[in-house]
Amino acid sequence: MLATLSRLKIPRWLSPDILLEHILAQEVRRKQLSLFSHSSFPVSAAWRQKVTAGIRHVSSTVTVCADVRGNPKKRELSEKKLTRYFVDHRRVKLVAGSGGKGVCSFHSEPRKEWGGPDGGNGGDGGSIIIKADRYVKSLAQVVPVYKGENGQKGGSSNCYGRNGSPTYIYVPVGTVVKEQGKTIMDLSENGQEYVAAFGGAGGKGNRFFLSNENRAPVTATPGTEGQERALHLELRTMAHAGLIGFPNAGKSSLLRAISNARPAVAAYPFTTLNPHVGIVNYRDHEQVAVADIPGIIQGAHLNRGLGISFLRHIDRCRFLLFVLDLSISEPWTQFQHLRYELDQYEPGLSQRPQAIIANKMDLPDAWEKLETLKSHVTQRVIPVSALTGQNTEELILHLRELYDGFLQGEGSSGESKPTRW
């Protein structure tokens, strides 16, 4: 065996399995399978020729003892990763398509000596258009960078280049387009479009420069670059109602109880880092959007705990639902702190139509704290239990009352189309 191995000229790229197979084949050819030649049972010549011609399917691995290789089972994603959150503002960079370059060429044809210039112009670059669509509810599908399609270059025989196709960005109705803090467009109607970045113009071919003074122009211009802009997209109305409260007050559980939304729920604070929007459906086919705002802490107006970004979501809600935790000793202090943070962020924000939701009524001493809470506040208090679903019907009915009052207020203020979801 070692002598056979020493006589072989083995390339460097051979693996040990292929090398062992080759050595076994050489040994079988040398001995001519003496075992089968001296045996008493008949062996067909075709089978012996197949075996002696070269042994295949020889491997040094034992498949019986080896582990079965298969596609490993993918790990199931957690509920928090599967949940899609609501996005109400995006910053996007737009780069429109560049124009195609013009071509310098001359007509060539037999028996036509003076064909003249026939270079075509390049195509225009594709523009980027922002379009309002009533079927889009969030800015989650908007990507940070958009690039338009470039125009194709011109061709001979006076062929023009193809223009670049426009790129559409679909946003919800009520999206405000801002640039450097200034509002430049308000997309308030379905199908309304705004050309955010214009595509570059195509270059001119030498046919364009043909004149009586210059019968054989050799000039061709390149296409111009597309417009480049950085815009900020914001939703004027994020939801009709916003659930506001401190961490672990039960806002996500309450949204699960009154709608089909499924935000992540856990026994630690700041489970919700992005807002979630649920839809409450009524029998008359009216829909009310309720937003689960991430937890507010004391000093949020000073941007503690990402407070500024969380308070910005509250500013886009039409009426407020303060969720108080009845598991603490003095739940009315939470209400005072929440109103203080809202007024420090924007004066008058806490004066919008509101209601107080006393959550966790399934606790033993919750009813005693409820009576004390009602004596400290003047707003309507709705006792509920997001865990058991107790008294959620009263909350849903009061939510509709706030919604109807909101529509009447918008109609009386002069707006022709109140904001609906």
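Buried means under 20% relative accessible area and exposed means over 50%. These cut-offs apply to the views below, which show parts of a predicted model.

**View 1. The two sides of helix 9 in the predicted model.** Helix 9 spans residues 366–376, and its buried residues are Ala-366, Lys-369, Leu-370 and Leu-373. Seen down the helix axis, these buried residues fall within an arc of 110°, so they line one face of helix 9. An α-helix has 3.6 residues a turn, so residues three or four places apart point the same way. The exposed residues Glu-368, Glu-371 and Ser-375 sit on the face of helix 9 turned away from the buried side.

**View 2. Packing of helix 9 on its surroundings.** The elements against which the buried residues of helix 9 pack are strand 12 (317–325), helix 8 (332–345), strand 13 (354–359) and strand 14 (381–383). Helix 9 lies across strand 12, strand 13 and strand 14, and runs at about 170° to strand 14. Leaving aside neighbours within four places in sequence, Leu-373 is in contact with Leu-324, Leu-326, Trp-332, Ile-356, Ala-358 and Val-381.

**View 3. The open sheet of six strands.** The strand order is 10-11-9-12-13-14, with mixed pairing. Strand 10 (276–281) and strand 14 stand at the edges with a single partner strand each, so one side of each has no neighbour in the sheet. From one strand to the next, the twist averages 30°.

**View 4. Strand 13 and its partners.** Strand 12 and strand 13 run parallel and are joined by six bridges. Along this pairing, Leu-320 stands opposite Gln-354, and Val-323 stands opposite Ile-357. Strand 13 also pairs with strand 14 in the parallel sense, over three bridges, with Ile-356 opposite Val-381. The chain crosses from strand 13 through helix 9 to strand 14 in a right-handed β-α-β crossover. Strand 12, helix 8 and strand 13 likewise make a right-handed β-α-β unit. Six of the six residues of strand 13 are buried. Gln-354, Ile-356 and Ala-358 are on one side of strand 13, and Ala-355, Ile-357 and Asn-359 are on the other, so that both faces are covered.

**View 5. Strand 4 beside strand 2.** Strand 4 covers residues 167–171, and its side chains alternate between two faces. Thr-167, Ile-169 and Val-171 point to one face and are buried, whereas Tyr-168 and Tyr-170 point to the other and are not buried. Strand 2 (residues 128–132) runs parallel to strand 4, and five bridges join them. The bridge partner of Ile-130 in strand 4 is Ile-169.

**View 6. Two nonpolar cores.** The largest nonpolar core has 51 residues, of which Leu-94, Ile-130, Ile-314 and Leu-373 touch the most other members. A second, separate core of 25 residues includes Tyr-282, Val-290, Val-323 and Ala-386. In soluble globular proteins, nonpolar side chains tend to be buried together.

Key
Residues are numbered from 1 along each chain as its sequence is written. This is a predicted model: local features need pLDDT of at least 70, side-chain atom pairs count only at pLDDT 80 or more; totals for chains, interfaces and linings use all residues. Side-chain values use heavy atoms; hydrogens and water are left out. Buried means under 20% relative accessible area, exposed over 50%, partly exposed in between (1.4 Å probe, protein chains only). Helices (H or I, at least four residues) and strands (E, at least two) are DSSP runs, numbered from the N terminus. The arc is that of the directions from the helix axis to the C-beta atoms. Contact means heavy atoms within 4.5 Å. Two strands pair if DSSP finds at least two bridges between them. Axes are lines fitted to C-alpha atoms, for helices over the stretch in contact, and angles run from 0 to 180 degrees between N-to-C directions. A nonpolar core is a set of buried Ala, Val, Leu, Ile, Met, Phe, Trp, Tyr and Cys residues joined through side-chain atoms within 4.5 Å. A crossover is right-handed if, with the strands pointing away from the viewer, the path from the first strand over the helix to the second runs clockwise.
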